[in-house]
Amino acid sequence: MEGGGPAVRRRSRSASARKRSRDRAQSRSACSSPVRKRPSSGAGEEPQPAPSSPEYNNDSEEDLFGDYDSFSGNDSLLAQVDNMEQECIQSIDLTSCTKNMEDKATVEPAFGYLQLQNAKSKELIFSAAGNITGFRTEEENHLRITSEQENRTLEPGDCFLDDLPSSQLLCFEEMNKTSVDSRKSSEWQHTCLTLESLQQRKNLIYSLPTSGGKTLVAEILILQELLCRQKDVLMVLPYVAIVQEKVWALSSFGIELGFLVEEYAGSKGRFPPIKRRMKKSLYIATIEKGHSLVNSLIETGRIGDLGLVVVDELHMLGEGSRGATLEMILAKILYTSKTTQIIGMSATLNNVGDLQQFLQAEYYTNNFRPVELKEYVKIQDSIYEVDNKAENGLTFSRLLNFKYSSNLQKMDPDHLIALVTEVIPNYSCLVFCPTKKNCENVAEMICKYLNKEYRNHKENEKQDLIKDLKNIGKGSLCPVLKRTIPFGIAYHHSGLTSDERKRIEEAYSAGVLCLLTCTSTLAAGVNLPARRVILRAPYVATEFLKKNQYKQIIGRAGRAGIDSAGESILIVQEKDKHLVRDLVNSPLENCYSNLFLEFTKGIQSLLLSLVGLKIARNPEEIYHFMCGTLFGVQQQFLSKEKSLSSITREALGCLIEKGLLKGKMTSEKEQKSQSNLEITQLGQATYKGCIDLAYCDALYRDLKKGLEGLVLESCLHLLYLTTPYDMTYHCRPDWMIYFRQFSQLNSVEQKVAAIVGVPESFITKKASGQAIKKDVDNCVINRLYLSFVLYALLKETNIWNVSEKFNMSRGYVQNLLNSAASFSSCMLHFCEELEEFWVYKALLTELTKRLTYCVKAELIPLMEVAGVLESRAKQLYDSGYKTLAHLANADPETLVKMIEHLSRRQARQIVSSAKMLLREKAEALQGEVEELLKVPTDTPEGLLTTLP
């Protein structure tokens, strides 16, 4: 492998390394439970995780941040990475480093031990991972903590274990138990990591079932790139929540190993990113922010700094406009950087050949799953097991044996209560429902008929959960949750706020809640596995379930390290029997390009940025680029009527017509004599701001009109401008609420409505039900209504009050807020490219920050830390942690004592995230100082010295 040696190789460890391992194991034996000697069966061996002990659950809540197959799930692989690090770094004085660590005080300053050599940190982390022989009980943890406070010494493994996401600790907890599954897990991971294609730095696509261990492989490759090859890495994840969790989980590793973890999601992210002086960066980004990041690196000539790009959920290439954006990212990297390696992973891929051709990649797959998954289908009282060998794909398994009264049969015809009570409260269960309302109804129905004894299970913890949710809601609590939580049941869907969802997820992972009723979005979001997964119906809203969606949902069944098996049950009505048989026995759907289907967000947006970035300057070069996209690979299937060349030329013609490009389009026969295309100022602003081409004209007109009379007495007019256009289509104003909110505005604010085109008379007549003769643009009407919602939010900073005031769900209001913050950030970049809009720059900078956090100003520094939401920020602020520096220098043990319901793991991760953010800011300031003090080479004195 260029510059960094080969990928992880199978080899024996040196004698000194083995000795070091024995020493560490002996040093830990005093605080470890008795273990059996592990048989030596090769470097690829990994023990099967087993159920967590009660002591462990009391010490730390289960992991919400990363998969069970994520980093540190395999000690032998980490030991191999340790060996690579030892080869890369030869001059390490371990003795002196250890002595320095022993001399440290109990509470380290934010940049205390971080100033140690990176090599020392690498030794600490990787060697600890390879030599863990047992797990501490809660009492032993207490003794260790007391000892640390009295005299802190460097003990390999302590900081590593305590900072790990606890789902990964499950993999260590029972490491003394060797199993067939653990050997299989290590074998496939070792085989994948030692593929010749990886050693030659070829691109790779790999696919395994959910919980198969995919993430671990990707994270080892990420560390190898950051530490050995000294290159930056981009990790692309599908959702903001997952990005935040990954930043939260990996910050402690960045602190120990000496690299930066930077978040690119929502309104966060700097374009172009700061060019770091010494450390390398791991950019963790959503698809949209990842695209902007790649564009900025190409524009500044720094795309070669990106050594590795990892894409999780690669199958999202086939999902609408987000898939089109993901395709643009990968196509640009392939075209502009021959040294950047691309790794794509997914559990649901079918037409891999097309993806291989597009990414110029090798393919690896394995059917390994650490926990066996059994699929069932329930029809009336009968339960059938999915069996591919059976004639119709189903084999009879059993009859459901549960005595139903006539009343219960009427209320629960699908026997959900019977199915869930076979599992809860001792094990966990997820019930997927077609709609949000159905989630709430099912949760209430189950609680209504459950035995009262269910209320006794972890009663105190449930009361704490209710108390926390009331605090999050500033005194308000959803009446449904108030009734269901005492039974250990809650709903989970987008109608909840982020704080509410996070607290419910924590309670579920800790076993306080044993059942969640949820929508299909949970299957693609955070990792919340269960012993049993029940699909209430084979529908998502009114659409029949797709095979990919079905696989994602049932993949939640079976928790590695906790369950010996997982099972899914799909409830089917007689009318859907034939459709379900096809569903369970059919192959996965193919992944097709969306560049052509998403015309303005797809091919037009791509071609505009190609010209703007000077990647391709004329139709011939653009056509050559398009041949290398997934659309180019699949064009014969996706558009049989038109050729790729004619589609490209048609899209370029549309861009010229819109005034985004300028140049002359010649006929296909005259292609050789064609002139270069140029991007206009509007086109430049549009692609740099990532503005949907469908709205760029409207945005320009609205901003131009705003210059004529921008009302700055309040932020209402600016909020109207930053309200996303695409959210207006789903808005249905309540006209009485509209009129009431308008009436509460002062006279200057009411002028805003008239300026944007919604007169007072129109609102009054609509509220009174009178006929309207004059037409008013629905988009403008809805945008103004949504801007009223945002205005109320910024004034009250209470989502509960605002949602009740406008009769909207809390989740919808928060989604509006997040979308407005993101669109405001895009508008800022748009205005930066157009000199006429200079006045908006300062205004939008401040407004973007207010929309991003929507809290009192004093809480913003704390909420900048990954994973700290409003309720936690309030707790920290009230306890005296008022700045980023306070958090970065905090003692996690003190945090646990002072902050209610904060686990040790969470405390350590908060401190690590704060240190990482503080380090990023310090690095940026140091870089600015060095740039200012740099002696210019083009001064007159300098020029004179170079003359002969």
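Which helices and which strand do the buried residues of helix 27 pack against? The section on helix 27 gives the partners.

## Overall picture

This is a predicted model. The protein has 948 residues, and 58% of them count as buried. It contains 43 helices and 19 strands.

Contacts with a separation of 6 or more are mostly long-range: residues 24 or more positions apart account for 75% of them. The exposed surface comes to about 39100 Å². Carbon and sulfur atoms supply 50% of that area.

## Helix 27

Helix 27 covers residues 644-657, 14 residues in total. From first C-alpha to last, helix 27 reaches 20 Å. That is close to the 20 Å expected at 1.5 Å a residue.

The buried residues of helix 27 are Leu644, Ser645, Ile647, Thr648, Arg649, Ala651, Leu652 and Leu655. An α-helix has 3.6 residues a turn, so residues three or four places apart point the same way. The buried residues of helix 27 pack against three helices and a strand: helix 24 (603-612), helix 25 (619-627), helix 26 (630-638) and strand 18 (661-662). Gly659 follows helix 27, and its phi is positive, near 80°.

## The seven-stranded sheet

Seven strands make up an open, parallel sheet. Their order is 3-4-2-5-6-1-7. Strand 3 (260-264) and strand 7 (361-365) stand at the edges. Each has a single partner strand, so one side of each is left without a neighbour in the sheet. Direction ignored, neighbouring strands are turned by 15° against each other on average.

What links strand 7 to strand 1? Five bridges join strand 7 to strand 1 (residues 203-207), in the parallel sense. At residue level, Ser207 stands opposite Thr365 in strand 7.

## Gly555

Where does Gly555 lie? Gly555 sits in the loop between helix 22 (547-554) and strand 17 (565-572). Is this loop residue buried or exposed? Gly555 has a relative accessible area of 6%. The cut-off for buried is under 20%, so Gly555 counts as buried.

Leaving aside neighbours within four places in sequence, Gly555 is in contact with Thr210 and Arg369. Gly555 and Ser211 are 344 residues apart in sequence. In space, the C-alpha atoms of Gly555 and Ser211 are 7.7 Å apart.

Technical notes:
Residues numbered from 1 in each chain as written. Predicted model: local features only at pLDDT ≥ 70, side-chain atom pairs only at ≥ 80, totals over all residues. Heavy atoms only, no water. Helix = DSSP H or I, 4+ residues; strand = E, 2+ residues; numbered from the N terminus. Buried < 20%, exposed > 50% of the residue type's maximum accessible area, 1.4 Å probe, protein only. Contact = heavy atoms within 4.5 Å. Areas by Shrake-Rupley, 256 points an atom, 1.4 Å probe, with all protein chains shown as cover. Pairing = 2+ DSSP bridges. Axes fitted to C-alpha atoms, helices over the stretch in contact; angles between N-to-C directions. Expected span 1.5 Å × (residues − 1).
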